[in-house]
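Let's take a walk through this protein together, beginning with the overall layout and ending at the surface. Keep the viewer open as you read.

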Amino acid sequence: MIMRVVHIKLNTERMVELRQMYAQVIIKELEHTAGCLYAGLLQSTTTPDDGISLTLWTSAIHAATYEASGLFTRLLEQAKPYFPQSPDWTVHLSEDFRIEYTPLDDSPVVRTDGEFP
């Protein structure tokens, strides 16, 4: 069995909607995905805007096949409206020495067994 964890920043004002979407869309899709044993959305009790999407798989091959199939990307795109937009920006020089401002990347981080700090 393999555990796959996606660390996400949560928009606490839209948690009810995210939970509903997760149950109605993500869990429903994963129920029919080969090798998926469990899927759940967890929210930190100490830092409410930190969360994880936890999935358990019969094997690493099943987890990798799920991600490579494009389903993971499609489900993540459906969940993005429920994630906060980053208010933080970074400043850097472009190759032609112009100052550029870009938002910090708050994209979900995927980890599997053996990759946890």
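A good place to begin is the very start of the chain: M1 sits in the segment that precedes β1 (2-9). Please keep in mind that this is a predicted model. From M1 we will step back to the whole chain, and then return to this residue at the end.

Seen as a whole, the protein has three helices and six strands. If you follow the sequence from its start, these elements appear in the order β-α-β-β-α-α-β-β-β. The chain has 117 residues, and 31% of them count as buried. How much of the contact network joins residues at least 24 apart, among contacts between residues at least 6 apart in sequence? The share is 62%. On the outside, the protein exposes about 7700 Å², with 56% of that area supplied by carbon and sulfur atoms.

Now let's look at how some of the strands pair, with β3 as our guide. Strand β3 covers residues 50-57, and it runs antiparallel to β1, with eight bridges joining the two. To find this pairing in the viewer, pick V5, whose bridge partner in β3 is L54. Strand β3 also pairs with β2 (residues 36-43), again in an antiparallel arrangement, here through seven bridges. In this second pairing, A39 stands opposite T55 of β3. The connection from β2 to β3 is a hairpin, made through six residues. So β3 is a partner both to β1 and to β2.

The side chains add a further link between β1 and β3. D50 forms a salt bridge with K9, and their closest N and O atoms are 2.7 Å apart. Because D50 belongs to β3 and K9 to β1, this pair ties together parts that lie 41 residues apart in sequence. Are these two residues buried, exposed or in between? D50 is partly exposed, at a relative accessible area of 28%, and K9 is partly exposed too, at 34%.

This bridge is one of four salt bridges in the structure. Another joins E17 to R14, with 3.0 Å between the closest N and O atoms. Here E17 is partly exposed at 34% relative accessible area, and R14 is partly exposed at 26%. A further one brings together the side chains of K80 and E77, at 3.1 Å from N to O. K80 has a relative accessibility of 37%, so it counts as partly exposed, and E77 is partly exposed with 45%.

E77 leads us to helix α3, which spans residues 71-79. Which residues of this helix are buried? They are L71, F72, L75, L76 and A79. Looking down the axis of α3, you will find these buried residues within an arc of 130°, so they line one face of the helix.

Finally, let's come back to M1. With a relative accessibility of 69%, M1 counts as exposed, because the cut-off for that class is over 50%. M1 is also part of a nonpolar surface patch that includes L37 and Y38, and the three together have about 350 Å² of accessible area. The patch thus brings our starting residue together with L37 and Y38 on the surface, and residues 36-43 are the strand β2 that we met as a partner of β3.

Key
Residues numbered from 1 in each chain as written. Predicted model: local features only at pLDDT ≥ 70, side-chain atom pairs only at ≥ 80, totals over all residues. Heavy atoms only, no water. Patch = residues over 30% accessible without salt bridge, like charges linked within 9 Å, V, L, I, M, F, W, Y side chains within 5 Å. Areas by Shrake-Rupley, 256 points an atom, 1.4 Å probe, with all protein chains shown as cover. Helix = DSSP H or I, 4+ residues; strand = E, 2+ residues; numbered from the N terminus. Buried < 20%, exposed > 50% of the residue type's maximum accessible area, 1.4 Å probe, protein only. Arc of directions from axis to C-beta. Pairing = 2+ DSSP bridges. Contact = heavy atoms within 4.5 Å.
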